[in-house]
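Work through the following exercises with the sequence and the model at hand. Each task is followed by a solution in steps.

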Amino acid sequence: MREILTAGRYFRAKYGFNVYKVPISILGFTCPNIDGSVTKGGCTFCENESFSPNLTKKSTKKEYLNPNSKTNPYLQNQLLQVSSQYNQGKKVLSKKFNAKKFIVYFQSFTNTYAPFETLKALYEKALSLEDVIGLSIGTRTDCVDDRILEYLKTLSHDKEIWIEYGIQSVYDETLKKINRGHDVENMLTWIKKTKEYGLKVCAHLIFGLPNETQKMMLDSLKVAIDLKVDSLKIHPLYVTKNTALAIEYKKGNFTPITQKEYIDTLIKALSMIPNNIIIQRVTAGIDDNSLLSPAWCRVKHAQMKSIKDALKEHGMLY
Ligand code: SF4
């Protein structure tokens, strides 16, 4: 039986203990795909609150922080948010799993899309918190530059520094369809550069994007493997209310991937992935009334059971 290298197995082998991610959301952060710098409306599936438990209040446009701004009126609040959200997450994880060490996960929106001095202050604040061993920074490949990568490289000398990029698909027609706001070339350039800086890359792939065949999904995976990403998060595309995708779904223009198709694609994908790539996620869902479809994406433990059982039948232990 092949053991898939999960994040848990990776951290236990490296440090001898479990490491848990604490997701945080920063007031004033936005995304160039939402604020109009690149496009408006965001990726068609994006309702940011749907994947961020800490973001309880939608930012209004006037609260957005311009990345070119020389000043940042939110900085003190943002620094407080980092510590309060971390402490809250740590408390829950410590109680539930007896967790001892943590990575602060800058999850919502685009977490390199802010003035450089702000980013430095927030990252360094997070790294200064008790029991934090590193950062995971969710961002876009069109929102990094040499200055930020060089700086993150210096942090990575004694901390776990991960950059999370959405690849989603290596087909430009798909990226256009989901209003991604950057092309495949941009993604290739900046993932290669990030790797050249010696930083760890976690790439996100979505299976079931509009009009994608299984071959296209696996082509995206092949490119991620060729790019030598360090880790992958794979999940199905599901539709939540208040998104552009919901409108397409209601018009009958989008049919979500079935559980059977998803698991079949996932088994093929995991069979292709070399054992040194860490698999941080193999599915996703949302268990509240914002989910429109597919229903199988509602109950995470049921999804995980089906996936684990199917993997076992194919000789893989997740
Ligand atoms: S890049 Fe992320 S935050 Fe920005 S619109 Fe797309 S999903 Fe939303």
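Two strands pair if DSSP finds at least two bridges between them. Helices (H or I, at least four residues) and strands (E, at least two) are DSSP runs, numbered from the N terminus. The model is predicted: local features need pLDDT of at least 70 and side-chain atom pairs count only at pLDDT 80 or more, while totals for chains, interfaces and linings use all residues. Residues are numbered from 1 along each chain as its sequence is written.

**Exercise 1. Give the strand order of the open sheet and identify its edges.**

Step 1. The sheet has seven strands with parallel pairing, in the order β2-β3-β4-β5-β6-β7-β9.

Step 2. β2 (19-24) and β9 (278-281) each have a single partner strand, so one side of each lacks a neighbour in the sheet.

Step 3. From one strand to the next the twist averages 25° (axes are lines fitted to C-alpha atoms, for helices over the stretch in contact, and angles run from 0 to 180 degrees between N-to-C directions).

**Exercise 2. Follow the pairing from β2 to β5, naming bridge partners.**

Step 1. Six bridges join β2 to strand β3 (residues 101-106) in the parallel sense. Here proline 23 is opposite tyrosine 105 in β3.

Step 2. Between β3 and β4 there are five bridges, again in the parallel sense. Isoleucine 103 faces glycine 134 in β4. The connection from β3 to β4 runs through helix α3 (residues 116-128) as a right-handed β-α-β crossover; right-handed means that, with the strands pointing away from the viewer, the path from the first strand over the helix to the second runs clockwise.

Step 3. β4 pairs with strand β5 (residues 160-168) over six bridges in the parallel sense. Threonine 139 has tyrosine 165 in β5 as its bridge partner. Helix α4 (residues 146-155) carries the chain from β4 to β5, in a β-α-β crossover that is right-handed.

**Exercise 3. Continue from β5 to β7.**

Step 1. β5 and β6 are joined by six bridges in the parallel sense. Tyrosine 165 is opposite alanine 203 in β6.

Step 2. β6 and strand β7 (residues 231-236) also pair in the parallel sense, over six bridges. The bridge partner of cysteine 202 is serine 231 in β7.

Step 3. With helix α7 (residues 214-226) between them, β6 and β7 make a right-handed β-α-β unit.

**Exercise 4. Which residues are buried, and which partly exposed? Consider β4, β6 and glutamate 160.**

Step 1. A residue is buried if 20 or more other C-beta atoms, placed from the backbone, lie within 10 Å of its own, exposed if 12 or fewer, and partly exposed in between.

Step 2. In strand β4 (residues 132-139), seven of the eight residues are buried. Strand β6 (residues 200-207) has seven of eight buried, so β6 is largely enclosed by the rest of the structure.

Step 3. Glutamate 160 lies in strand β5. With 18 other C-beta atoms within 10 Å, glutamate 160 is partly exposed. Glutamate 160 and valine 132, 28 residues apart in sequence, are 9.5 Å apart from C-alpha to C-alpha.

**Exercise 5. Check the span of helix α10 (residues 300-313).**

Step 1. The expected span is 1.5 Å times one less than the number of residues.

Step 2. For the 14 residues of α10 this should give 20 Å, and the end C-alpha atoms are 20 Å apart, which agrees.

Step 3. Glycine 315, which follows α10, has a positive phi, near 80°.
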